[in-house]
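Student: I've got this model open and I'd like a close look at one part of it. Could you take me through the packing of one helix pair, and then set it in the context of the rest of the chain?

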Amino acid sequence: MKKKYDVLALGELLIDFTENGISGQGNTIFEANPGGAPCNVLAMLNKLGHKTAFMGKVGVDIFGNKLKAVLDEVGIDTSALVMDPDVRTTLAFVQTFADGDRDFSFYRNPGADMMLKEEELKTDMLSECEIFHFGTLSMTHDEVRRATKKAIALAKENGALISFDPNLRPPLWSSLDLAKEQVAYGLGQCDVLKISDNEIQWFTGKEDYDEGIAILQETYHIPLILLSLGKEGSRAYYKGLRVEKAPYLQENTIETTGAGDTFGGSCLHFVLKYGLDNLDEEKLLEMLSFANGAASLITTRKGALKVMPEVDEVKKLIQ
């Protein structure tokens, strides 16, 4: 029987303040872009025609209200979004460098996203999803970590595939040892892993990506591993296959925020379309081509959640 939601994600929903020029007085102007990796993933899936829902927490403040309105607008179900009058919505300030790379400063001490409690989870929804997706920002602090682990366990019990993106943000962790421990937990739970080039090197200590992936496969037996390589494209590792796809580089890239999430959301679309057990080299290549194209388009826009590419735009680019 088909479940109510194709993908349910848990994690952070926040405002990314991105640099957008200089004022007449010489001050940096910041633009308030709705963000948060799990919701970016869902927003791309919505563009691909999927039914999605989000679990997390924002404050009852101008930013929390704005974020809820944006999720409603892009079609992500918000019935499991907790709005808490006692905490403030998490904010991130993103500094973009000349090459499009970026640095984050988080205002989260505490921020609403890390204050989600186990008893606030809408547990019935966890039996109603085909895929449950999470990252590690909801694993940095005790309370929200307990909520995340409970949600994973319930989704698994109800037959959901588990999708994990470590999405490492070092400034948010009390120590990188704790980060490593929680990433290891996520790796031990997931069926689909999306990991970036610098994350695989950090976690395994191997410079060579294939060596790093081999360690993850041997240790955690993850059926599908998707490696995003930025300007180098992407790879998929599945049942002894290793498929690689070059990127679609853009002349007019302005920033890379959300590119990995757009890539990850696109890949989950193909997992839903074909089933995790029925992938082959041709389908993996189709998946990576589309995902690379979608990620390439998002680098030409500020933010991600509200500006995910349309399917036709992606198809046009990759043709």
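Tutor: Sure, and keep in mind that this is a predicted model. Let's come at the pair from the loop that leads into it: N167 sits in the loop between strand 9 (161-165) and helix 4. The backbone does something worth a look there, since phi of N167 is near 45°, a positive value in a residue other than glycine. Is N167 buried or exposed? Its relative accessible area is 11%, and the cut-off for buried is under 20%, so N167 counts as buried.

Now the pair itself. Helix 3 covers residues 142-157 and helix 4 covers residues 176-189; their axes come within 11 Å and cross at roughly 10°. Angles under 35 degrees count as roughly parallel, so that is the label for helix 3 and helix 4. On the helix 3 side, the residues that meet helix 4 are R145, K149, I152 and K156. Helix 4 answers with L178, Q182, Y185, G188 and Q189. Sort the residues of this contact by type and you get 3 nonpolar, 3 polar and 3 charged.

For a comparison with that N167 loop, go to H221, in the loop between helix 6 (209-220) and strand 11 (224-228). H221 has a positive phi too, about 50°, and it is not a glycine either. Its relative accessibility is 61%, so H221 counts as exposed. One more backbone detail is the cis peptide bond joining N109 and P110, with omega about 0°. P110 belongs to the loop between strand 7 (102-107) and strand 8 (129-135).

If you want a buried polar side chain to inspect, try S234 in strand 12 (residues 234-238). Its relative accessible area is 0%, so S234 is buried. The side chain of S234 makes a polar contact of 2.7 Å with the side chain of N292. Beyond its neighbours within four places in sequence, S234 also touches other residues, including L227, V243, F263 and L288.

Zooming out, the protein has 9 helices and 13 strands. Its C-alpha atoms fill a box of roughly 55 × 45 × 40 Å along the principal axes. The radius of gyration is 18 Å, which agrees with the value near 20 Å for a compact globule with 319 residues. Of those 319 residues, 55% count as buried. As for the contacts between residues at least 6 apart in sequence, 71% join residues at least 24 apart.

Notes. Residues are numbered from 1 along each chain as its sequence is written. This is a predicted model: local features need pLDDT of at least 70, side-chain atom pairs count only at pLDDT 80 or more; totals for chains, interfaces and linings use all residues. Side-chain values use heavy atoms; hydrogens and water are left out. Helices (H or I, at least four residues) and strands (E, at least two) are DSSP runs, numbered from the N terminus. Buried means under 20% relative accessible area, exposed over 50%, partly exposed in between (1.4 Å probe, protein chains only). A polar contact is a pair of N or O atoms within 3.5 Å; within protein, one must be able to donate a hydrogen and the other to accept it, and residues adjacent in sequence count only if both atoms are side-chain atoms. Contact means heavy atoms within 4.5 Å. Axes are lines fitted to C-alpha atoms, for helices over the stretch in contact, and angles run from 0 to 180 degrees between N-to-C directions. Angles under 35 degrees count as roughly parallel, over 145 as roughly antiparallel, 65 to 115 as roughly perpendicular and the rest as oblique. Ala, Val, Leu, Ile, Met, Phe, Trp, Tyr, Cys and Pro count as nonpolar, Asp, Glu, Lys and Arg as charged, and the others, Gly among them, as polar. The radius of gyration is taken over C-alpha atoms; the globule rule is 2.2 Å times the number of residues to the power 0.38.
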